[in-house]
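Trainee: I am new to this structure. Could we go through it by question and answer?

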Amino acid sequence: MGNDDIILKFKDFFNSTTSKDIKQAYYDICEFYKIPSLKEINWEEEEFVFNRLFVGPAAPLAPMVASAYLDPEGRIHGVTTTDVKTFYYELGLTLENEGKEPEDSLHHELSICSYLSQAADFKPEYKDFFHKFLKFHFIIWVPEFINKALNNVGDSVAVRKVLNLFSDWVTRETNKL
């Protein structure tokens, strides 16, 4: 399993909608890293924490959208979203569920990272696109997102562990640049 595999596992975690999704993604990530997963986890509590941090119904404490961190006014579907959308189109890429969520959402950005990482195995220029996307966009906002989430995660076990593993992955990718 390669880099694109763990990217997709993180995407699945952050795209979870139920405690069952969160649980499955958590176990998949632990299995990928070959680390023990804790069995005594209150998954309803993890879902509550996940929703409080990332989804709502109240304003998320750690929004999963680049615009919230990069747009001077924190405007969703603003300049940041347009810039990311332009990058995708310049590569000839389209998004699943386009228009249903901002193009600069973590879900879409992890999809693009996975695609570029995988495509780099066949077309070396895609490695440059992947590094460009990471350097000039992704790593500018994602560490702040992770820190915001970790500062508000409370007693969560699974969400905290995934955030720490995601942070480690971002750090490793940053160090490759």
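Trainee: Which helices are included in what covers the buried residues of H3?

Mentor: This is a predicted model. The buried residues of helix H3, which spans residues 43-55, are Trp43, Glu46, Val49, Phe50, Leu53 and Phe54. What covers them includes helices H1 (3-14), H2 (19-33), H7 (125-152) and H8 (158-176).

Trainee: Where around the axis do the buried residues of H3 lie, on the same side or on opposite sides?

Mentor: The residues in question are Trp43, Glu46, Val49, Phe50, Leu53 and Phe54. Because they cover an arc of only 115° around the axis, they lie on the same side of H3.

Trainee: Which residue caps the N-terminal end of H3?

Mentor: Look for a side-chain oxygen 3.1 Å from the backbone nitrogen of Glu44. The residue that supplies this oxygen, and so caps the N-terminal end of H3, is Asn42.

Trainee: What phi does Gly56 take?

Mentor: Gly56 comes just after H3. Its phi is positive, at about 130°.

Trainee: Is Glu173 buried or exposed?

Mentor: Glu173 lies in helix H8. Leaving aside neighbours within four places in sequence, Glu173 is in contact with Asn3, Phe130 and Leu134. Its relative accessibility is 3%, and buried means under 20%, so Glu173 counts as buried.

Trainee: Which side chain is joined to that of Glu173 by a polar contact of 3.0 Å?

Mentor: Glu173 is in helix H8. The polar contact of 3.0 Å joins its side chain to that of Lys176.

Trainee: How many aromatic pairs are there, and of what kind is the pair of Phe13 and Phe14?

Mentor: The count comes to 24 aromatic pairs. Phe13 and Phe14 are 5.2 Å apart centre to centre, with 85° between the planes. Planes over 60 degrees apart count as edge-to-face, so this pair is edge-to-face.

Trainee: Of what kind is the pair of Phe166 and Trp169?

Mentor: Phe166 and Trp169 are three residues apart in helix H8, so about one helical turn separates them. Both residues are buried. Their rings lie 6.1 Å apart centre to centre, with 5° between the planes, and the pair is stacked.

Trainee: How many disulfides does the structure hold?

Mentor: Cys30 is buried at 1% relative accessibility, and Cys113 is buried with a relative accessible area of 0%. A disulfide needs a pair of cysteine sulfur atoms within 2.5 Å. The number of disulfides in the structure is zero.

Trainee: Which helix supplies the largest share of the largest nonpolar core?

Mentor: The largest nonpolar core has 55 residues, and those with the most contacts inside it include Phe10, Phe54 and Phe145. H1, H2, H3, H5 (79-90), H6 (106-119), H7 and H8 each supply at least two residues of this core. The largest share is eleven residues, and it comes from H7.

Trainee: Which residues does Phe10 contact, leaving aside neighbours within four places in sequence?

Mentor: Phe10 is among the residues with the most contacts inside the largest nonpolar core. With those neighbours left aside, its contacts are Ile29, Tyr33, Leu110, Val162, Leu165, Phe166 and Trp169.

Trainee: Which residues does Ile35 touch, not counting those up to four places away in sequence?

Mentor: Ile35 sits in the loop between H2 and H3. With a relative accessible area of 28%, Ile35 is partly exposed. On that count, it touches Cys30, Lys161 and Leu165.

Notes: Residues numbered from 1 in each chain as written. Predicted model: local features only at pLDDT ≥ 70, side-chain atom pairs only at ≥ 80, totals over all residues. Heavy atoms only, no water. Buried < 20%, exposed > 50% of the residue type's maximum accessible area, 1.4 Å probe, protein only. Helix = DSSP H or I, 4+ residues; strand = E, 2+ residues; numbered from the N terminus. Arc of directions from axis to C-beta. Contact = heavy atoms within 4.5 Å. Polar contact = N/O pair within 3.5 Å; in protein donor to acceptor, adjacent residues only side chain to side chain. Phe/Tyr/Trp six-rings, centres within 6.5 Å; stacked < 30°, edge-to-face > 60°. Core = buried A, V, L, I, M, F, W, Y, C linked by side-chain atoms within 4.5 Å.
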